[in-house]
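Reader: I'm new to this one, and I'd like to see how the labels people use are backed up. Can we take them one at a time?

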Amino acid sequence: MNTTVGATVKWGVLGAARIAEQALIPAIRAAGGHVAALGCRDLQRGQAYAQRNGIPHTMGYLDLVQNADVDAVYIALHNAAHLPWALAALAAGKHVLCEKPLTLNARQVAQLQAAQRIHGRFAMEAFMYRFHPAIEQLHALVRDGAIGQPRVMRGAFAFVLDRPEDVRWDPAMGGGALYDVGCYPLDLMRQLTGEQPDVLAAQASYTDRGVDHALSALLRFGDATAHMDCGFSLPFHQGFEVLGAHGALRVDQPFLNKDRDVVLWHDAHAHRFPPTDAYVRMVSHFQRAIRVEEPLRYPLDDALAQAETLDRVFLAMEPAPTGAM
Ligand SMILES: NC(=O)c1ccc[n+]([C@@H]2O[C@H](COP(=O)([O-])OP(=O)(O)OC[C@H]3O[C@@H](n4cnc5c(N)ncnc54)[C@H](OP(=O)(O)O)[C@@H]3O)[C@@H](O)[C@H]2O)c1
């Protein structure tokens, strides 16, 4: 993999997005990176955002990905814009950290893999929760056989999305609860077992425009059965547990936990982790990877497996009501 990145990684942020402002821009700085420029569709709105966030330059998307002062692009656009702009950034020789879901389907991840082979840059799906120490400890305990072979998993992630204009309600922008929140518990199930699921049943509720806003799925990951539910028309809740023949592990607040304690339960024993910024840990790792100081923990092969998992759940979901799209 070619890399030309110096000690301070220079970042371009694509999209004057909420998540960039709330989490990634501060995380890049806390990880020692420099936020060099913002890409925005609307330069006036972008300049106000850039000023508020101390970003020196604002420009259009194409200028951002081709900017000579940018080493890595963080893509915070709505889901349907991830693929075209990740491709454009790779083609311009930039490393890419792109919000989850990386793409809308596995076929699109394969396109990114092809581009990566040509352009020799790193790309990673920005699943920050994976970098939280409680999740890393969960993996270590399962790997070390603390509960035996996983037999049953339950994962959930939901909240109330009360902004009617949000991109998540729009089918053309890759809206929907599976893409937005269901991807988290499914990712963790996949990572813990190293398996792709058979989807035994999946049932979703849809908006008039055909966007899934609440869903449940029953799955099998190798020898483990799993239940996942998610939504953005449900009260906020998140949780994950995995049971084996010799014990149970449970993480309270596994996915969104920047400012709160996270408790990892091993049977009746509680291991409390103080608030940790997993976004900073993710950016730090990505920066070390693009400087070739450590291997990338989640290369595109992993993103492909994740996208295939979502594809399988979509396939099993009842189609949206006729005419809903
Ligand atoms: N990892 C996490 O914890 C986390 C949390 C929340 C969201 N996310 C992910 O981050 C991404 C952005 O989510 P967000 O909540 O930050 O969304 P948001 O604030 O609505 O931002 C979406 C961005 O999409 C861009 N966009 C491009 N074309 C657009 C169009 N036609 N209409 C509306 N927006 C358009 C906008 O860019 P301009 O600024 O150029 O207009 C906007 O900045 C999503 O992929 C989401 O899954 C991740």
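Author: Sure, and keep in mind that this is a predicted model. Start with L77: one of its backbone N or O atoms lies 3.3 Å from an oxygen atom of the ligand.

Reader: What makes that pair of L77 and the ligand a polar contact?

Author: The cut-off for a pair of N or O atoms is 3.5 Å. The L77 pair is at 3.3 Å, so it counts as a polar contact.

Reader: Which side chains have a polar atom 2.7 Å from an oxygen atom of the ligand?

Author: R45 has one at 2.7 Å, and N79 has one at 2.7 Å too. Both pass the 3.5 Å limit, so these are polar contacts as well. As for cover, the ligand on its own has 900 Å² of accessible area, and the protein covers 85% of that.

Reader: Which residues come nearest to the ligand?

Author: A16, R45, Y61, N79 and Y279, out of 23 residues around the ligand. A residue gets into that group if one of its heavy atoms lies within 4 Å. By type, the shell has twelve nonpolar, four polar and seven charged residues.

Reader: How do you know that the ligand lies between two domains?

Author: Look at who supplies the shell: domain 1 (10–128) gives residues, and domain 2 (133–275 + 307–316) does too, so the ligand lies between them. The space the ligand takes is the largest pocket. Two elements, α1 (18–30) and α7 (177–193), each give two or more residues to the shell.

Reader: Why is the bond from K100 to P101 worth pointing out?

Author: Most peptide bonds are trans. The one from K100 to P101 is cis, with omega near -15°. P101 sits in the loop that links β5 (95–99) and α5 (106–119).

Reader: And what makes the phi of D267 stand out?

Author: Most residues other than glycine have a negative phi. D267 is not a glycine, yet its phi is positive, near 50°. You'll find D267 in the loop between β13 (262–266) and β14 (269–273).

Note on methods:
Residues are numbered from 1 along each chain as its sequence is written. This is a predicted model: local features need pLDDT of at least 70, side-chain atom pairs count only at pLDDT 80 or more; totals for chains, interfaces and linings use all residues. Side-chain values use heavy atoms; hydrogens and water are left out. A polar contact is a pair of N or O atoms within 3.5 Å; within protein, one must be able to donate a hydrogen and the other to accept it, and residues adjacent in sequence count only if both atoms are side-chain atoms. Accessible areas come from the Shrake-Rupley method with a 1.4 Å probe; for residues, only the protein chains shown count as cover. On a 1 Å grid over the protein atoms alone, a cavity is a set of points where a 1.4 Å probe fits but cannot get out, and a pocket is an open set with protein on both sides within 12 Å along at least five of seven lines; lining residues have an atom within 4 Å of a point. A molecule sits in a cavity or pocket if more than half of its atoms lie within 2 Å of its grid points. Helices (H or I, at least four residues) and strands (E, at least two) are DSSP runs, numbered from the N terminus. Ala, Val, Leu, Ile, Met, Phe, Trp, Tyr, Cys and Pro count as nonpolar, Asp, Glu, Lys and Arg as charged, and the others, Gly among them, as polar. Domain bounds come from an automatic or database domain assignment.
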